[in-house]
Amino acid sequence: MRFVDLERSTSGLRSAFNETVPRSLISEVSVPEPTEPIDELHFTRLVAWCYVFLIEVAGPPLKYVQGILRGTDPNQHSQIGNTVRIVQCLRTYQSHQLENSTSDLATKKLVATWMAQHSSEPIWENRCQAICSAVVTSADAITSTWIKLCTVQDEKATVVAALLDALDRQWPPHHFDRVIEEVASEHDLKGLDVVAYRKLKIDGWQKLIACFEERTAAEEAIKRVIRADLIGTFGSQI
């Protein structure tokens, strides 16, 4: 299984959601695609591409359907969770400095174990195939489950409304990162670790989102809150 198979599978998932929901939920992945030859660079780009798709692009609807699978098909739920976990750890291993914290040690151990399990020649081709196969299996499971949920016409509107309500009330972490970056840039606040700051505040921000019925209103409100938080923390001269 290769990247072309992964593209076909994720495209099917994107279409399944975007054609049944009255808003564009899943966009195209914008990071560079892996290209021939299938070597270490191909693997690195493949991991980055899968991370963006699973976590940033399709993450919210994927999590919603995965939650349904927890009760209806625990095996598929577990498989999807394992796939997301290994992609997250591989991407973290490639992109971040890992120290000796409990979390970092767990990440390094999982990656080392996975690499050892996929070390037969040709190494990088086998590792790429393993990632593609796992993500395709997960994407196809999410797609088929969503299509089944929407098959009964009388129930489709309820299912779609429940999905949109869940997405509007629980934003993915990277959404806040973009707002923090925007506000920090507006006020010329340099050197801020956006992720570290978001982790300090996100629980409160998520609770505030639930107070709004419309996403656009929530977005504007959260931007105001983040601006006030930054000024309150770092001073009005930022």
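Reader: What makes a residue count as lining the largest pocket, and which element gives the most?
Author: A lining residue has an atom within 4 Å of a pocket point (1 Å grid, protein atoms alone; an open set with protein on both sides within 12 Å along at least five of seven lines). By that test α3 gives the most, with 6 residues. This is a predicted model, with local features needing pLDDT of at least 70 and side-chain atom pairs 80 or more, while totals for chains, interfaces and linings use all residues. Numbering runs from 1 along each chain as its sequence is written, and side-chain values use heavy atoms, without hydrogens or water.

Reader: Which residues are closest to the centre of that largest pocket?
Author: Of its 29 lining residues, Y51, I55, Q88, P173 and R198 are. By class, the lining has 14 nonpolar, 8 polar and 7 charged residues (Asp, Glu, Lys and Arg count as charged).

Reader: How do you know how α5 compares with its expected span?
Author: Helix α5 (102–117) has 16 residues, and the expected span is 1.5 Å times one less than that number. That gives 22 Å, and α5 reaches 23 Å from first C-alpha to last, so I call it close.

Reader: What makes some residues of α5 "buried", and which are they?
Author: Buried means under 20% relative accessible area (exposed is over 50%; 1.4 Å probe, protein chains only). D104, T107, V111, W114 and M115 qualify.

Reader: Why say these buried residues share a side of α5?
Author: Because they cover an arc of only 100° around the axis, taken from the directions to the C-beta atoms, they sit on the same side of α5. On the other side, T102, K109, A116 and Q117 are exposed.

How values were computed: 1 Å grid on protein atoms, 1.4 Å probe; cavity = no way out; pocket = protein on both sides within 12 Å on 5 of 7 lines; lining within 4 Å. Helix = DSSP H or I, 4+ residues; strand = E, 2+ residues; numbered from the N terminus.
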